[in-house]
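Visitor: I am new to reading protein structures, and I would like to look closely at a single part. Could you choose one strand and walk me slowly through its surroundings?

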Amino acid sequence: ILALAALGIIILVMMTNQFFIKSIVNPVLQINELARRIAKGQYGARLDVAFDDEIGELCETINNMSTEIARMEKLKNDFISSVSHELRTPLTAIGGWAETIESDLSDTQTAKAGLDIIKKETKRLSHMVEELLDFSRIESGALKLQTELFDLRGELYDAVFTYHDMLRQNGLEIKYSEADEPIMVVGDRNRLKQVFLNIIDNAGKYGADGDSVDISIDKEGANAVVRIVDHGVGIPENELPFVKDKFFKGSARGRGAGIGLAVCNEIITMHEGSLDIDSVYGEGTEITITIPAETGESVNNI
């Protein structure tokens with residue numbers, strides 16, 4: 001009896017060990033091996049999920065992480081390539097026109113045209129550098145808001161006025177409407193104006209196939225709501241969930257490093273608001289910015 005009992009215990013221990021090795025040790029070893037592969041740069045590698053338990057959930061989480069790392073790595077590489085191209089273009093123009101002007105200083109008409117282009121490209125370079133600095137500040141948590149109470153209508157109108165001539169040159173008419181009453185918000189007026197400028201600039205670049213850009217601001221409930229609508233090419237449905245992601249450019253052929261909307265979204269989020277994008281490919285894009293507005297009572301308290 002003791003021998004049979006001992007044999008039964010040994011068989012049970014062996015079966016338990018085999019189950020333990022198959023269900024826990026082997027998956028952990030596979031996870032460890034996958035982690036080594038990811039550390040060596042093999043992004044996107046995946047595990048086979050064989051169990052519907054905690055180990056299976058861990059494997060699924062590792063797979064999702066690997067897929068996301070692969071996607072971010074691709075976006076990073078695209079970003080580096082895009083920024084390199086975007087920087088090379090204005091630098092080439094600046095260098096070329098500087099040499100042209102230097103070769104014949106007596107040709108004042110050519111010199112004036114060249115200097116205009118140099119100023120324009122320098123301004124574009126400055127804008128790109130500011131975007132990159134803002135992105136760096138956001139990533140490091142160093143981007144701070146200088147908040148104050150102000151009428152949001154003024155900042156939106158200034159942004160519309162800034163781009164009025166550019167949009168008109170692109171054959172676009174601005175249709176602007178605003179609420180009759182002040183829309184008071186507490187926020188960073190310069191950062192919010194930066195958001196408006198960026199989105200209106202995008203509307204001018206990607207909405208050029210349409211006939212107008214419709215811009216409005218109103219108070220809806222407890223929120224200030226800004227809508228910027230273009231009737232241009234729109235955004236493909238499969239790209240729409242990613243347009244606010246860092247470095248994402250999709251199939252767009254416009255200039256830019258792919259971080260403008262990501263920066264805008266972060267600024268609006270820091271104002272406890274939201275930036276929503278609706279688009280139909282071939283028909284146009286509507287961007288809705290919503291941030292908390294101040295009521296009469298709260299304004300008096302401030």
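Guide: Gladly; what follows is a tour of one strand, β7, and of the parts around it, in a predicted model.

Let us begin with the whole chain. It holds 7 helices and 7 strands. Read from the N terminus, the elements run α-α-α-β-α-β-β-α-β-β-α-β-β-α. Of the 302 residues, 35% count as buried. Among contacts between residues at least 6 apart in sequence, 70% join residues at least 24 apart.

Now find strand β7, residues 284-292. Is β7 enclosed or open to the outside? Of its 9 residues, 7 are buried, so the strand is largely enclosed by the rest of the structure. Let us see what lies around it.

Start with the sheet. Strands pair through backbone hydrogen bonds, and they may do so in a parallel or an antiparallel way. Here 5 strands form an open sheet, in the order β2-β4-β5-β7-β6, with mixed pairing. The edge strands are β2 and β6, each of which pairs on one side only. From one strand to the next, the twist averages 10°. In that order, β7 stands between β5 and β6, and we can visit these two neighbours in turn.

On one side is β5, residues 223-230, which pairs with β7 in the antiparallel sense over 8 bridges. One pair to look for is V225 with its bridge partner T290 in β7.

On the other side is β6, residues 274-280, joined to β7 by 7 bridges, and this pair too runs antiparallel. Two places help you to see how they line up: S279 has T285 of β7 as its bridge partner, and V280 stands opposite G284 of β7. β6 and β7 form a hairpin with 3 residues between the strands, where G282 takes a positive phi near 90°.

Next, pause at one residue of β7, T290. How accessible is T290? Its relative accessibility is 17%, and anything under 20% is called buried, so T290 counts as buried. Leaving aside its neighbours within four places in sequence, T290 is in contact with N223, A224, V225, I268, G273 and S274. Of these, V225 is the bridge partner we have already met, while I268 leads us on to a helix, because it is one of the residues that α6 uses to contact α5.

So let us turn to the helices. Helix α6 lies across β6 and β7, running at about 135° to β6. Helix α4, residues 152-169, lies across β2, β4, β5 and β7, and runs at about 170° to β2. Both helices therefore have β7 among the strands they lie across.

Helix α6 also has a helix partner. Two packed helices are described by the angle between their axes and the distance between the axes. For α5 (residues 189-206) and α6 (residues 260-270), the angle is about 145° and the axes are 10 Å apart. Their crossing is left-handed. From α5, the contact is made by R191, L192, Q194, V195, N198, I199 and N202, and from α6 by G260, L261, V263, C264, I267 and I268. These residues divide into 8 nonpolar, 4 polar and 1 charged.

Helix α6 also includes M270. With a relative accessible area of 29%, M270 is partly exposed. Not counting residues up to four places away in sequence, M270 touches L143 and L145. The C-alpha atoms of M270 and K144 are separated by 9.0 Å, although their positions lie 126 residues apart along the chain as a separation in sequence.

Our last stop is the loop between α6 and β6, where you will find E272. Most residues other than glycine have a negative phi. E272 goes against that trend, with a positive phi near 60°. Is E272 buried or exposed? Its relative accessible area is 69%, so E272 is exposed.

To retrace the tour: β7 is largely enclosed, β5 and β6 each pair with it in the antiparallel sense, and helices α4 and α6 lie across it.

Methods. Residues are numbered from 1 along each chain as its sequence is written. This is a predicted model: local features need pLDDT of at least 70, side-chain atom pairs count only at pLDDT 80 or more; totals for chains, interfaces and linings use all residues. Side-chain values use heavy atoms; hydrogens and water are left out. Axes are lines fitted to C-alpha atoms, for helices over the stretch in contact, and angles run from 0 to 180 degrees between N-to-C directions. Helices (H or I, at least four residues) and strands (E, at least two) are DSSP runs, numbered from the N terminus. A crossing is left-handed if the near helix is turned anticlockwise from the far one by less than a right angle, and right-handed if clockwise. Contact means heavy atoms within 4.5 Å. Ala, Val, Leu, Ile, Met, Phe, Trp, Tyr, Cys and Pro count as nonpolar, Asp, Glu, Lys and Arg as charged, and the others, Gly among them, as polar. Buried means under 20% relative accessible area, exposed over 50%, partly exposed in between (1.4 Å probe, protein chains only). Two strands pair if DSSP finds at least two bridges between them.
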